[in-house]
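Student: I am new to this structure and would like to go through it step by step. Can we put the sequence and the model side by side and begin?

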Amino acid sequence: MKQVTEVKLEDAIASFRFQGSLVSCETYGSGHINDTYLLQFDAADRYKKVILQRINTDVFSNPGELMENIQKVTAYLRERIQENGGDPERETLNIIPTHEGKAYYESADKECWRAYQFIRNAASYDQVEKPEHFYESARSFGNFQYLLADYPAGTLHETIMGFHDTKARFQMFLKAVKEDIMGRACKAQDEIRFLLERKEISDCFSRLLSRKEIPLRVTHNDTKLNNIMLDKSTGKGICVIDLDTVMPGLAMNDFGDSIRFGASTAAEDETDLDKVSCSMELYELYTRGFLEGCRGRLTPREVELLPMGAKVMTYECGLRFLTDYLQGDTYFKIHREHHNLERCRTQLTLVKDMEEKWETMQKIVKELSNNLEYN
Ligand code: ADP
Ligand code: GN1
Ligand code: MG
């Protein structure tokens with residue numbers, strides 16, 4: 001992606017129906033994909049703070065379809081939230097239109113921008129600071145499944161083809177190793193071997209899908225802890241954000257991606273691997289919250305496969321970080337030279353740890369699902 005210049009930013013800001021005059025504009029958040037800005041206006045109205053994002057069009061090649069998905073899903077969520085007596089201004093994303101009434105702005109040089117109302121008095125976390133936060137994120141992601149359970153998944157666009165097709169990701173990884181365009185494969189021999197030895201993890205869900213043992217649902221597909229806003233006063237999960245990857249997917253992957261990120265005892269890019277493990281306390285807490293949030297909408301087979309979702313998503317993320325490292329860091333934003341290799345290493349450490357804790361992980365899901373009144 002090209003750099004955002006001040007001129008581009010000003011042009012984007014001038015294109016939306018913001019009210020008041022701009023007081024400040026700063027880069028915001030720690031996402032790996034889009035460029036996010038927090039804007040402040042001095043108007044005494046509800047758009048006082050605004051989130052402005054440049055959509056990464058290298059990653060999302062069809063921003064029109066992407067925003068159509070987000071418009072449809074947020075409109076649907078708005079109705080469900082209202083029916084349940086909630087506050088749609090805080091409990092789902094609210095798009096601020098352009099002056100022309102469009103959901104996003106496309107500049108002359110084809111850069112795409114969108115804006116959301118800022119969710120007040122809420123925070124997102126890059127790591128679990130309090131276990132309750134993780135539990136709350138689980139309830140919110142589970143509730144997201146619950147609210148969207150009857151949404152016709154086939155009507156949504158696939159914003160990234162084969163996003164969680166782990167089998168296809170494995171093939172891309174093999175290609176990257178073979179081509180080794182940066183000459184970096186020699187630095188990642190152990191990691192490459194680790195992934196090759198566990199190829200069967202990459203096949204698991206595609207096999208079950210083809211046998212129709214598991215359903216395709218509307219899923220979030222990027223269920224990192226920092227994609228949930230928690231109320232600063234009550235600590236309650238209020239809103240699921242970062243809806244770019246909402247599309248047909250697997251419930252186990254939504255569960256699994258949260259575990260991969262949030263149940264880890266260390267940051268995704270921790271370099272001291274002794275600090276990295278999958279906390280069974282956090283895993284149990286998340287499982288409880290997720291099952292409660294889903295309120296019985298998962299099939300018994302899906303519930304049984306939740307631990308597998310954690311392993312698959314962690315393995316897949318390791319594959320993706322390493323593939324990007326081998327291909328010259330063109331996908332994930334990096335902040336130091338071997339960042340993607342370091343990220344890959346934490347993921348593989350987690351996979352190994354999950355293998356060692358496998359029986360416990362299965363037991364926890366079994367016991368909680370037997371005990372919960374919904375399952
Ligand atoms: P990315 O795809 O790069 O991860 P996100 O959409 O997750 O981008 O946004 C990055 C961060 O910006 C989030 O983690 C969150 O802290 C903040 N953020 C995003 N949308 C909102 C919003 N509507 N209100 C308040 N904060 C937001
Ligand atoms: C990216 O955008 P962000 O930072 O929430 C990525 C996820 C990865 C994650 C790893 C669209 O998420 O798939 O799991 O980084 N999003 C996309 O941290 O590729
Ligand atoms: Mg995000």
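Student: How many residue pairs are in polar contact between domain 1 and domain 2?

Tutor: This is a predicted model, and side-chain atom pairs count only at pLDDT 80 or more. The domain assignment gives domain 1 as 6-61 + 93-118 and domain 2 as 131-371. Between domain 1 and domain 2, with both residues at pLDDT 80 or more, the number of residue pairs in polar contact is 6.

Student: How many residues of domain 1 are in contact with domain 2, and with how many residues there?

Tutor: The centres of the two domains, taken over C-alpha atoms, are separated by 29 Å. Contact here means heavy atoms within 4.5 Å. By that cut-off, the residues in contact are 10 of domain 1 and 16 of domain 2.

Student: Which residues of domain 1 lose the most area to domain 2?

Tutor: Domain 1 and domain 2 bury about 1100 Å² between them, and 53% of that area is on carbon and sulfur atoms. On the domain 1 side, three residues together account for 56% of what that side buries. They are H32, F60 and L93.

Student: How many salt bridges are there between domain 1 and domain 2?

Tutor: The whole structure holds 35 salt bridges. One salt bridge joins the side chains of R114 and D244, with N to O at 2.9 Å. Between domain 1 and domain 2 the count is 2.

Student: How many residues apart in sequence are the parts that D244 and R114 tie together?

Tutor: The side chains of D244 and R114 meet at 2.9 Å, N to O. D244 lies in the loop between strand 10 and strand 11, while R114 lies in strand 6 (residues 112-117), so the parts tied together are far from adjacent in the chain numbering: they are 130 residues apart in sequence.

Student: Are D244 and R114 buried or exposed?

Tutor: The cut-off for buried is under 20% relative accessible area. D244 falls in that class, and R114 does too. Both residues of this salt bridge are therefore classed as buried.

Student: Which helices hold E292 and R139?

Tutor: The side chains of E292 and R139 form a salt bridge, 2.8 Å from N to O. E292 is buried, with a relative accessible area of 17%, whereas R139 is partly exposed at 36%. The pair ties together parts that are 153 residues apart in sequence, because E292 is in helix 9 (residues 280-294) and R139 is in helix 4 (residues 131-148).

Student: Which residues are joined into one network by salt bridges that share partners?

Tutor: A network arises here where salt bridges have partners in common. The residues joined in this way are K8, D35, R54, D109, E111 and K333.

Student: Is K110 buried or exposed?

Tutor: K110 forms a salt bridge with E106, the closest N and O atoms being 3.7 Å apart. E106 counts as partly exposed, at 36% relative accessibility. K110 has a relative accessible area of 60%, and because the cut-off for the class is over 50%, K110 is exposed.

Student: Which residues are the protein donors of the magnesium ion?

Tutor: The magnesium ion is ligand 3, and its protein donors lie 2.2 to 2.3 Å from it. One donor is in the loop between strand 8 (217-219) and strand 9 (228-231), the other in the loop between strand 10 (237-240) and strand 11 (247-249), 15 residues apart. The donors are N227, through OD1, and D242, through OD.

Student: What are the relative accessible areas of N227 and D242?

Tutor: N227 is buried, and D242 is partly exposed. The value for N227 is 5%, and the value for D242 is 26%.

Student: What is phi of D329 near?

Tutor: Most residues other than glycine have a negative phi. D242 has a positive value, near 55°. D329 is in the loop between helix 11 (306-326) and helix 12 (339-356) and is buried, with a relative accessible area of 16%. Phi of D329 is positive as well, near 55°.

Student: Which residues is E302 in contact with, leaving aside its neighbours within four places in sequence?

Tutor: E302 is placed in helix 10 (residues 300-304). At 0% relative accessibility, E302 counts as buried. Its contacts beyond those neighbours are P215, R217, A251, M252 and R297.

Terms used
Residues are numbered from 1 along each chain as its sequence is written. Chains are lettered from A and ligands numbered from 1 in the order in which they are written. This is a predicted model: local features need pLDDT of at least 70, side-chain atom pairs count only at pLDDT 80 or more; totals for chains, interfaces and linings use all residues. Side-chain values use heavy atoms; hydrogens and water are left out. Donors are N, O and S atoms within 2.8 Å of the metal (3.2 Å for Na, K and Ca); water is not among the atoms, so sites may look incomplete. Helices (H or I, at least four residues) and strands (E, at least two) are DSSP runs, numbered from the N terminus. Buried means under 20% relative accessible area, exposed over 50%, partly exposed in between (1.4 Å probe, protein chains only). Domain bounds come from an automatic or database domain assignment. Buried area is the accessible area (1.4 Å probe) that two parts lose on being put together, summed over both. A salt bridge is a side-chain nitrogen of Lys or Arg within 4 Å of a carboxyl oxygen of Asp or Glu. A polar contact is a pair of N or O atoms within 3.5 Å; within protein, one must be able to donate a hydrogen and the other to accept it, and residues adjacent in sequence count only if both atoms are side-chain atoms.
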